[in-house]
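Trainee: I am new to this structure. Please take me through one part of it closely, and show me how that part sits in the chain.

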Amino acid sequence: MASMTIRNLDDGLKQRLRLRAATHGRSMEDEARDILRAALATNEPVARNLADAIRTRLLSIESVELDIPPREPIREPPDFTA
């Protein structure tokens with residue numbers, strides 16, 4: 001079984017881990033193992049890019065049809081000479 005050292009851990013994060021471990025009645029090391037195990041147990045597909053991530057998230061939402069306004073010619077730019 002492998003071991004691992006975590007350096008430069010924020011003091012606040014270490015304190016929260018210590019409290020969480022105490023709440024569950026186990027060591028900080030065992031609590032960290034359990035957190036890692038739970039976090040890595042999910043096999044969510046990783047989106048390849050931002051567009052894929054947005055598309056995947058919006059697939060569950062029902063379709064909404066929006067009226068597309070008619071295109072109009074570009075207006076003249078304002079005149080700031082006066």
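Mentor: What follows is a close look at the largest pocket and the helices around it.

A word of caution comes before the details. This is a predicted model.

Start with the whole chain. It holds three helices and zero strands. Read from the N terminus on, its elements run α-α-α. The radius of gyration is 26 Å, well over the 12 Å that the globule rule gives for 82 residues, so the chain is more spread out than a compact globule. Along the principal axes, the C-alpha atoms fill a box of roughly 70 × 40 × 25 Å. Buried residues make up 4% of the 82 in the chain.

Now the pocket. The largest pocket has a volume of about 740 Å³. Its lining counts 17 residues. Nearest the centre lie Ile6, Glu29, Ala32, Arg33 and Leu36.

Which helices supply the lining? Helix H1, residues 11–24, gives at least two residues, and so does helix H2, residues 28–41. H2 provides the largest share of the lining, with six residues. By type, the lining of the largest pocket splits into eleven nonpolar residues, one polar and five charged.

Take Leu36 next. This residue sits in helix H2, and it is among those nearest the centre of the largest pocket. Is Leu36 buried or exposed? Neither word fits: its relative accessible area is 46%, so Leu36 is partly exposed. For a sense of distance, look along the chain to Pro70. Leu36 and Pro70 are 34 residues apart in sequence, and 53 Å separates their C-alpha atoms.

Stay in helix H2 and move to Glu31. Its relative accessibility is 0%. The cut-off for buried is under 20%, so Glu31 counts as buried. What does the side chain of Glu31 meet? It makes a polar contact with the side chain of Arg26, at 2.6 Å. Leave out residues up to four places away in sequence, and Glu31 touches Leu17, Arg20, Ala21, His24 and Arg26. Helix H1 spans 11–24, so compare those numbers with that range as you turn the model.

Lys14 gives a view from helix H1. Its relative accessibility is 36%, so Lys14 counts as partly exposed. With residues up to four places away in sequence left out, Lys14 touches Leu9 and Met28. Ala41 is 27 residues from Lys14 in sequence. In space, their C-alpha atoms are 23 Å apart.

Last comes Asn8, in the segment before H1. With a relative accessible area of 82%, Asn8 is exposed. Its backbone deserves a look as well. Most residues other than glycine have a negative phi. Asn8 has a phi near 55°, a positive value in a residue other than glycine.

Here is the picture to keep. The largest pocket draws on both H1 and H2, with the largest share from H2. In H2, Glu31 is buried, while Leu36 is partly exposed. Before H1, Asn8 is exposed.

Conventions: Residues are numbered from 1 along each chain as its sequence is written. This is a predicted model: local features need pLDDT of at least 70, side-chain atom pairs count only at pLDDT 80 or more; totals for chains, interfaces and linings use all residues. Side-chain values use heavy atoms; hydrogens and water are left out. On a 1 Å grid over the protein atoms alone, a cavity is a set of points where a 1.4 Å probe fits but cannot get out, and a pocket is an open set with protein on both sides within 12 Å along at least five of seven lines; lining residues have an atom within 4 Å of a point. Grid points are joined across faces, edges and corners, and a volume is the space filled by probe spheres set on the points. Helices (H or I, at least four residues) and strands (E, at least two) are DSSP runs, numbered from the N terminus. Ala, Val, Leu, Ile, Met, Phe, Trp, Tyr, Cys and Pro count as nonpolar, Asp, Glu, Lys and Arg as charged, and the others, Gly among them, as polar. Buried means under 20% relative accessible area, exposed over 50%, partly exposed in between (1.4 Å probe, protein chains only). A polar contact is a pair of N or O atoms within 3.5 Å; within protein, one must be able to donate a hydrogen and the other to accept it, and residues adjacent in sequence count only if both atoms are side-chain atoms. Contact means heavy atoms within 4.5 Å. The radius of gyration is taken over C-alpha atoms; the globule rule is 2.2 Å times the number of residues to the power 0.38.
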